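Here is a quick tour of the model for anyone about to work with it at the bench. Have a look at the structure, then read on.

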Amino acid sequence: MIGHGFMGAAHSQGWRVAPRFFDLPARPEMALLVGRNAQTTSAAADKWGWTETSTDWREAVARDDIDIVDIVTPGHSHVEIAVAALAAGKHVLCEKPLANTATEAQAMADAAARAAEHGVFAMVGFTYRRVPAATLARDLVASGAVGEIRQVRAAYLQDWLVDAEVPLAWRLQKDLAGSGALGDIGAHAIDLAQFITGQRLTSVSGVMQTFVAERPLLASSAGLGGTAAAERGAVTVDDVALFTGRFDGGALGSFEATRMSTGRKNALRIEVAGSRGAVSFDLEDLNALGFYDATAPEGTRGFTRILVTEPQHPYLAAWWPAGHMLGYEHGFTHQAKDFVEAIVAGTQPEPSFAAGLQVQRVLAAVEQSADAGSAWTTTGDAEPALAGRP
Ligand code: SOE
């Protein structure tokens, strides 16, 4: 695994736990943790259970005893590491968003397509698909339970940047992160909306805003002269991105990605409204799925709160008895399980780098639209032929 920040902790949990709760066809070994600083990397390896450490990712991806490279670094380094690892014949799991630009994502998708011809596979880490309630939502929609999809409402609400004194972390710097709330959490909303509906966004109209233009530098990046608190740096990404979108299946979508939603900590909310019903999911209540059946007998209709903890629900047979809840980290365990199973079976794990590229094109279209006064902007996927469309 290359990197060891917040996602490094979450991915380590997934690799550590997956073989102990799922009967995997191969047992992943947490062989090598790579980071820039030898001391902090060694401490992380001891804490999370990695056997060896290195400060040289190029040497790591070239090793014959390494089969999988898991990239959990900031977005600016994804393309170089992933292309090198795939060329070296390693299967690659890469955190979201796939890259910082559509051009970088295209290079990664091309490298993955070449590698797949030799049975080497790549996957991008949109883990929320693997929350059982989200997978159940997808299954219900695919079964026709909500009928023709008309509206998709997706909002990823956080508030960790409301305080103007929160330091200038890498997620707030365009050269490292590519964009702010849009790419970091908007990418999750886009992927999950498309996963649950089975439809793709084809055009968008967006607006983006940075509310806090300067923040204190982190101590590590403050100069020798001043103190961290005294030195401030420019925020070069969005705090909030709002956009509407058209889907290729004819649905209309409204999206929010914000780190300024005071009081909301990690609320990824998706509601899909159709001609026969609706599903509603909230990551802050991730063991439950709301389901409305418009065909139920009149007088009995209402949103049902399905507790998604039964053994017949996705992934649940490996866990606890009904009502004993899962958490944020289980999506990462399910991700590791699905990735290992696909690699051993010789099948393409989803979401693929091609899927990651499509999300990157939506992100790029939102930024392009926001720069052009919220003009409708196509994502590159074929527009739906809609009768009577203005
Ligand atoms: C920060 O916004 C963050 O850690 C994202 O980077 C993750 O992808 C998301 O799962 C939780 O919030």
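## Two unusual backbone spots

Tyr-315 is buried, with a relative accessible area of 18% (buried means under 20%, exposed over 50%, partly exposed in between, using a 1.4 Å probe and protein chains only). It's not a glycine, yet Tyr-315 has a positive phi of about 70 degrees. You'll find Tyr-315 in the loop between strand S15 (304–307) and H9; helices (H or I, at least four residues) and strands (E, at least two) are DSSP runs, numbered from the N terminus.

Ser-374 also isn't a glycine, and has a positive phi of about 70 degrees. Ser-374 sits in the loop between H10 and strand S16 (377–378), and is partly exposed, with a relative accessible area of 29%.

## What you're looking at

This is a predicted model, where local features need pLDDT of at least 70, side-chain atom pairs count only at pLDDT 80 or more, and totals for chains, interfaces and linings use all residues. Residues are numbered from 1 along each chain as its sequence is written, and side-chain values use heavy atoms, with hydrogens and water left out.

## Around the ligand

The shell around the ligand (residues with a heavy atom within 4 Å of it) includes Phe-6, Lys-96, Trp-160, Arg-171 and Asn-266. Helix H8 (residues 181–197) gives the most to this shell, with three residues. By class, the shell has six nonpolar, three polar and three charged residues.

Now for the polar contacts (pairs of N or O atoms within 3.5 Å). Oxygen atoms of the ligand lie 2.5 Å from a polar side-chain atom of Tyr-128, 2.9 Å from one of Gln-158 and 3.2 Å from one of Tyr-328. On its own the ligand exposes 300 Å², and the protein buries 93% of that (areas by the Shrake-Rupley method with a 1.4 Å probe).

## The nonpolar core

The largest nonpolar core (buried Ala, Val, Leu, Ile, Met, Phe, Trp, Tyr and Cys residues joined through side-chain atoms within 4.5 Å) has 77 residues, of which Val-92, Val-279 and Phe-353 touch the most other members. H8 gives the most here too, with 10 residues. Domain 1 (6–127 + 348–353) and domain 2 (132–285 + 287–326) both give residues to this core, so it lies between them; the domain bounds come from an automatic or database assignment.

## Cis prolines

The peptide bond from Lys-96 to Pro-97 is cis, with omega near -20 degrees. Pro-97 is in the loop between strand S4 (91–95) and helix H5 (102–116).

Technical notes. A polar contact is a pair of N or O atoms within 3.5 Å; within protein, one must be able to donate a hydrogen and the other to accept it, and residues adjacent in sequence count only if both atoms are side-chain atoms. Ala, Val, Leu, Ile, Met, Phe, Trp, Tyr, Cys and Pro count as nonpolar, Asp, Glu, Lys and Arg as charged, and the others, Gly among them, as polar.
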